Amino acid sequence: MVRKSMKKVVFGTLCSLLMAVSCGCSMLGGGYTSDEPCAWCGNTPTKKFETSKGADCYVCEEHTHECGICGKNFDKELKHYTNMLDIEMFACDDCYDDVQELNN
Ligand SMILES: [Zn+2]
Ligand SMILES: [Zn+2]
């Protein structure tokens, strides 16, 4: 009886440890887990985005947080659109709205 419950405790501890580890990993990565080079700077890791033509486009965390138009840095992932070079372009709310107006 005693042994059985011990096993349960060990198993439970292992499970919560594993969960903590996988949780920590996903928090660190934030989806930036690809080895493909960033379309803007060639750095890794990157996150996969899709262009308006349905092609894969990989961008690093730095370039999804930096507005490609005004150059400011933000602590969130910015809105993005596909530019003339078929690369996902990240822009802050203000610049994004300007671009949408220009395109319409
Ligand atoms: Zn980059
Ligand atoms: Zn901007």
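The protein contains 3 helices and 4 strands. Along the sequence, these elements follow the pattern α-β-β-α-β-β-α. The model is predicted. Its average pLDDT is 86, and 74% of the residues score at least 70. One stretch falls well short of that level: over residues 23-27, the pLDDT is below 50. Beyond near neighbours in sequence, residues 23-27 make 0 contacts in the model. Where pLDDT is low, predicted coordinates should not be read in detail.

Two figures describe the protein as a whole. Of its 104 residues, 19% are buried. Among contacts with a separation of 6 or more, 26% link residues that are 24 or more positions apart.

The strands were examined in pairs. Strand 1 covers residues 46-50 and pairs with strand 2. The two run in the antiparallel sense and share 5 bridges. Within this pairing, Thr46 stands opposite Cys60 of strand 2. Strand 1 and strand 2 form a hairpin, with 5 residues between them. The turn of this hairpin includes Gly54, which has a positive phi of about 85°.

Strand 3 (residues 79-82) and strand 4 (residues 88-91) are also antiparallel, and 4 bridges join them. His80 has Phe90, in strand 4, as its bridge partner. Strand 3 and strand 4 form a hairpin with 5 residues between them. Asp86 sits in the turn of this hairpin.

Strand 2 is largely enclosed by the rest of the structure, because 4 of its 5 residues are buried. The largest nonpolar core has 14 residues. Strand 2 (56-60) and strand 4 are the elements that give two or more residues to this core. The largest share, 4 residues, comes from strand 2. Cys38, Ala39, Val59 and Ala91 have the most contacts inside the core.

Ala39 illustrates how these parts meet. Leaving out residues up to four places away in sequence, Ala39 touches Cys57, Tyr58, Val59, Ile87 and Glu88. Ala39 can also be compared in position with Met89. These two residues are 50 residues apart along the chain, and their C-alpha atoms are separated by 9.7 Å.

Met89 belongs to strand 4. Met89 counts as buried because 24 other C-beta atoms lie within 10 Å, and the cut-off for burial is 20 or more. Apart from neighbours within four places in sequence, Met89 is in contact with Gly68, His80, Tyr81 and Asn83. Two of these partners, His80 and Tyr81, fall in the residue range 79-82 of strand 3.

The loops hold two backbone features to note. Most residues other than glycine have a negative phi, and most peptide bonds are trans. Asp86 departs from the phi pattern: its phi is positive, about 65°, although it is not a glycine. Asp86 is found in the loop between strand 3 and strand 4. Asp86 is exposed, because 12 other C-beta atoms lie within 10 Å, and a residue with 12 or fewer is counted as exposed.

The other feature is a peptide bond. Thr44 and Pro45 are joined by a cis peptide bond, with omega about 0°. Pro45 lies in the loop between helix 1 (2-29) and strand 1.

Asp35 also lies in the loop between helix 1 and strand 1. Asp35 touches both Thr44 and Pro45, not counting residues up to four places away in sequence. These contacts bring Asp35 to the two residues of the cis peptide bond. Asp35 counts as exposed because it has 8 C-beta neighbours inside 10 Å. The C-alpha atoms of Asp35 and Tyr58 are separated by 9.0 Å, and the two residues are 23 residues apart along the chain. Tyr58 is also one of the residues that Ala39 touches.

How values were computed: Residues numbered from 1 in each chain as written. Chains lettered and ligands numbered in written order. Predicted model: local features only at pLDDT ≥ 70, side-chain atom pairs only at ≥ 80, totals over all residues. Pairing = 2+ DSSP bridges. Contact = placed C-beta atoms within 7 Å. Core = buried A, V, L, I, M, F, W, Y, C linked by C-beta atoms within 7 Å. pLDDT = per-residue confidence, 0-100.
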